[in-house]
Amino acid sequence: MSKKKKKVIFIASSGGHLTQLLQLQPLFKSVIITEKDTSTSDLSERFDNQAKILYFPETRKNNILKYIVGNIISLFLSIKYFLYVNPDIIVSTGAGISVYLSYISKIFGRKVIFIETYAAIKAKSGAGKLIYPIADRFYIQWRQMKKFYPKANFKGTLY
């Protein structure tokens, strides 16, 4: 009996969240989803067919109208990407763009793995707060975060 290869989506916002996710690069065999901006424009070249790259629009809270529209687009893209990839597992380091896809995946019985951001030392991140209740595995990068996430796993940092 042959083992079915698992389809995995790795998802993170651009910037620090993506930098952390890229520490898992040896695992990238399926799909990476991030925001489209100048820092992510070369991802396809960097992975040279190792993984398919899909994009969300950049959403930042400094422009409320763009933020609201960007979130609506992100919700629909999450549905579209879920149906397109049909993943078995979602792995994320946050932030906002990972929330919709994580919940959609959970609704359809898929596994959700979340790695709380390295920047979360004294408080929960927004995405961490939302994904912790549904995550199959939730990792923290600082021991002291156990007081916020008692069921989380501590394995050290991604750096």
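In this predicted model, Phe10 of strand 1 stands opposite Ile32 in strand 2. That pairing belongs to an open sheet of seven strands, arranged in the order 3-2-1-4-5-6-7 with parallel pairing. This briefing covers the sheet, the packing of two helices, and two loop residues.

**The sheet and its edges**

- Strand 3 (52-57) and strand 7 (153-154) form the edges of the sheet; each has a single partner strand, so one side of each is left without a neighbour in the sheet.
- Strand 1 and strand 2 (residues 31-36) run parallel and are joined by three bridges.
- Strand 1 is also joined to strand 4 (residues 89-94), by five bridges, and these two strands likewise run parallel.
- Two positions show how strand 1 and strand 4 are matched: Val8 stands opposite Ile89, and Ile11 stands opposite Ser92.

**The burial of strand 1**

- Strand 1 (residues 8-12) is largely enclosed by the rest of the structure, because five of its five residues are buried.
- In a regular strand, side chains alternate between the two faces of the sheet.
- Both faces of strand 1 are covered, with Val8, Phe10 and Ala12 buried on one side and Ile9 and Ile11 buried on the other.

**Helix 3 against the sheet and against helix 4**

- Helix 3 lies across strand 1, strand 2 and strand 3, and its direction makes an angle of about 155° with strand 3.
- Two packed helices are described by the angle between their axes and the distance between the axes.
- For helix 3 (residues 64-85) and helix 4 (residues 97-107), the angle is about 40° and the axes are 9 Å apart.
- An angle between 35 and 65 degrees counts as oblique, and helix 3 and helix 4 are therefore oblique to each other.
- The crossing of helix 3 with helix 4 is right-handed.
- On the helix 3 side, the contact is made by Asn71, Ser74, Leu75, Ser78, Ile79 and Phe82; on the helix 4 side, by Ile97, Tyr100, Leu101, Ile104 and Ser105.
- By character, the residues of this contact comprise seven nonpolar, four polar and no charged.

**Helix 4 and the loop that follows**

- The buried residues of helix 4 are Ile97, Ser98, Val99, Leu101, Ser102, Ile104 and Ser105.
- Among them, Ile97, Leu101, Ile104 and Ser105 also take part in the contact with helix 3.
- An α-helix has 3.6 residues a turn, so residues three or four places apart point the same way.
- Gly109 follows helix 4 and has a positive phi, near 75°.
- This glycine, Gly109, is found in the loop between helix 4 and strand 5 (111-115).
- Gly109 counts as exposed because its relative accessibility is 60%, and the cut-off for exposure is over 50%.
- Gly109 and Met145 are 36 residues apart along the chain, and their C-alpha atoms are separated by 27 Å.

**Tyr149, a buried loop residue**

- Tyr149 is placed in the loop between strand 6 (137-140) and strand 7.
- With a relative accessible area of 0%, Tyr149 is buried, the cut-off for burial being under 20%.
- Beyond its neighbours within four places in sequence, Tyr149 is in contact with Glu116, Lys124, Ser125, Gly128, Lys129, Tyr132, Phe138 and Ile140.
- Tyr149 and Gly94 lie 55 residues apart in sequence, and the distance between them in space is 16 Å, C-alpha to C-alpha.

How values were computed. Residues are numbered from 1 along each chain as its sequence is written. This is a predicted model: local features need pLDDT of at least 70, side-chain atom pairs count only at pLDDT 80 or more; totals for chains, interfaces and linings use all residues. Side-chain values use heavy atoms; hydrogens and water are left out. Axes are lines fitted to C-alpha atoms, for helices over the stretch in contact, and angles run from 0 to 180 degrees between N-to-C directions. Helices (H or I, at least four residues) and strands (E, at least two) are DSSP runs, numbered from the N terminus. Angles under 35 degrees count as roughly parallel, over 145 as roughly antiparallel, 65 to 115 as roughly perpendicular and the rest as oblique. A crossing is left-handed if the near helix is turned anticlockwise from the far one by less than a right angle, and right-handed if clockwise. Contact means heavy atoms within 4.5 Å. Ala, Val, Leu, Ile, Met, Phe, Trp, Tyr, Cys and Pro count as nonpolar, Asp, Glu, Lys and Arg as charged, and the others, Gly among them, as polar. Buried means under 20% relative accessible area, exposed over 50%, partly exposed in between (1.4 Å probe, protein chains only). Two strands pair if DSSP finds at least two bridges between them.
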